[in-house]
Amino acid sequence: MRLSVGAFLALSHLPGLSADATPGFRGVTNSCLSEPIQPTPEKRAPKVMIISMFAPEAEVWHKNLPSSGLGDLLAVNISIPGLSPIFPQAHCTASGEICQLTAGESEINAAASLTALALSPRFDLVRTYFLVAGIAGVNPKLATLGGVALARFAVQVALQYEIDAREMPAGLGTGYIPFGGYDPCDYPAILYGTEVLELNGALRDRAYALASRATLADDVGAGAHRAMYADAPGGVFERATGPPSVVRCDTATSDVYYSGALLSETFENTTRIWTNQTVITYCMTAQEDNAVLGVLLRARLWGLGDYERAIVMRAGSNFDRPPPSVTAYAHLRLSDQDAFHIAVENLYRAGVEIVRGIVDEWNCTYKVGVRPTNYVGDVFGSLGGEPDFGPGGLFGGRGACVGEGSCGSAGGASAAAAAESMRRRRRRGGVGGGWK
Ligand SMILES: *[C@@H]1O[C@H](CO)[C@@H](O)[C@H](O)[C@H]1NC(C)=O
Ligand SMILES: *[C@@H]1O[C@H](CO)[C@@H](O)[C@H](O)[C@H]1NC(C)=O
Ligand SMILES: *[C@@H]1O[C@H](CO)[C@@H](O)[C@H](O)[C@H]1NC(C)=O
Ligand SMILES: *[C@@H]1O[C@H](CO)[C@@H](O)[C@H](O)[C@H]1NC(C)=O
């Protein structure tokens, strides 16, 4: 279900000015004169929007894209109200086919910047593929330094109660306990909606095939660091010891930059349990994915973007836990893993293959979209369909109805019914319908 873009554009961007609330909006108008007061800004409909988090991740695209023949991202700069003070502009190639936004680091910056982009009248993002391309901590059980992962699930792992581990009950294993739960292994009984975001698996697999065309960069120092993982008991870190490659596995989101074996194992478990999987799939940890995807999910709901066109790609710049015989602190703060530069470089090398693939095969494949074969969306079932994780959707498989009176019988279910179902579920969970 989609609403027209016009239905959502009744926004005031500047004092005394309001955006025209009609489909095909063509610029800012003065509400008194109802006439355009500035030249009509061009509305761009990029095929790909690259999302970087900070300067090095952006610069690798700015520097290298021109030599790929795909264009220069610094050809067009677009200021967007609401972007970060240090990254106030989006960038596009002259053709407008490829754009890039630097969101800023961590969840607040990512959510705020993406929301500004989604609501900007300068862009039509309904057919745009979003490529989140950032560096990350990497799980040595599943991938390695410089390796590139494409995710199906993004999990907001730290959205939990936390008791300092020095005060936790004996035998608990971790001080993290899911909301409404009593044990780290409980499924959260209280859900905010952004905990688990499932991506289009068919698109992920296409992106994986495209990214696999890249020759990834490596570094001698990173190789030496990887070798320290070889003597872990049972060879559990064997994947860490090989050269970088492109892999399919999932990402964890946390504002807290956690590090060490115990927290990494905790969030391995969190990811496995919250996604209802039986094996460990958590391989990358970063600070933004669920924030970006949460905005794209809302954009889809309001007809401003297509969540099914989101790709999350992360490259390992450091391990999330130390090799045997190194302390968590020494690993985090005192050792150089020599992988920052190859991770940034490999974001570009793998990412440019994805971008090129989408642009080259636009007419025959990507324009209409890649149909997902898995459930796509959040734990509430907001976009329709029944989640394959969590306690069951709130919208009866029909998706959420947003907007005013625009949902017919084929449309989504009402928010009031969903809120009531949420309250019932909380009471069943024995948490008294309260917030704790
Ligand atoms: C766009 O901004 C970058 C700096 O972010 C600058 O180097 C470049 O010249 C600008 N492009 C144009 C066309 O002004
Ligand atoms: C993770 O889960 C496994 C299996 O349930 C358990 O043995 C282990 O203690 C958990 N790890 C942590 C850090 O809680
Ligand atoms: C794709 O379609 C557009 C519009 O129909 C056309 O201008 C363009 O040349 C086509 N591109 C390719 C690669 O076929
Ligand atoms: C996911 O697992 C939880 C228990 O951890 C269970 O209550 C829930 O029904 C499962 N959901 C699905 C869709 O399998």
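User: Among contacts in the chain between residues at least 6 apart in sequence, what share joins residues at least 24 apart?

Analyst: In this predicted model, the share is 73%. A contact here requires heavy atoms within 4.5 Å.

User: How do you know how many of the 436 residues count as buried?

Analyst: A residue is called buried if its relative accessible area is under 20%. By that criterion, 56% of the chain's residues are buried. The chain as a whole exposes about 18,500 Å², of which carbon and sulfur atoms supply 54%.

User: What makes a group of residues a nonpolar core, and which members of the largest one touch the most other members?

Analyst: The members must be buried residues of the nonpolar kinds, joined through side-chain atoms within 4.5 Å. The largest such core has 76 residues, and those touching the most other members are Ile51, Trp61, Leu114, Phe123 and Ile354. Helix H8, residues 340-360, gives this core its largest share, with 10 residues. A second core of 24 residues is separate; Phe153, Tyr258, Leu394 and Ala413 are among its members.

User: Which residues is Ile51 in contact with, leaving aside its neighbours within four places in sequence?

Analyst: Ile51 is in contact with Leu101, Ala103, Leu114, Phe130, Leu131, Val132, Ala133 and Val292. Each of these has a heavy atom within 4.5 Å of one in Ile51.

User: Why are strands S5 and S6 called paired?

Analyst: Pairing requires at least two bridges between the strands. Five bridges join S5 (residues 76-84) to S6 (residues 87-92), therefore the two strands are paired. They run antiparallel and form a hairpin with two residues between them. Within this pair, Asn77 stands opposite His91.

User: How do you know that S6 also pairs with S7?

Analyst: Two bridges join S6 to S7 (residues 98-102), so the requirement of at least two is met. These strands also run antiparallel, and His91 stands opposite Gln100 in S7. Their hairpin has five residues between the strands, and Gly96 in the turn has a positive phi of about 75 degrees.

User: What makes a pair of atoms at ligand 1 a polar contact?

Analyst: The pair must consist of N or O atoms within 3.5 Å. An oxygen atom of ligand 1 is 2.4 Å from an N or O atom in the side chain of Asn77, so this pair qualifies. A backbone N or O atom of Leu74 lies 2.9 Å from a nitrogen atom of the ligand, so that pair qualifies as well. The residues around ligand 1 are Leu74, Ala75, Asn77 and His91. Taken alone, ligand 1 exposes 370 Å², and the protein buries 38% of that.

Terms used. Residues are numbered from 1 along each chain as its sequence is written. Chains are lettered from A and ligands numbered from 1 in the order in which they are written. This is a predicted model: local features need pLDDT of at least 70, side-chain atom pairs count only at pLDDT 80 or more; totals for chains, interfaces and linings use all residues. Side-chain values use heavy atoms; hydrogens and water are left out. Buried means under 20% relative accessible area, exposed over 50%, partly exposed in between (1.4 Å probe, protein chains only). Helices (H or I, at least four residues) and strands (E, at least two) are DSSP runs, numbered from the N terminus. Accessible areas come from the Shrake-Rupley method with a 1.4 Å probe; for residues, only the protein chains shown count as cover. A residue is near a molecule or strand if one of its heavy atoms lies within 4 Å of it. A polar contact is a pair of N or O atoms within 3.5 Å; within protein, one must be able to donate a hydrogen and the other to accept it, and residues adjacent in sequence count only if both atoms are side-chain atoms.
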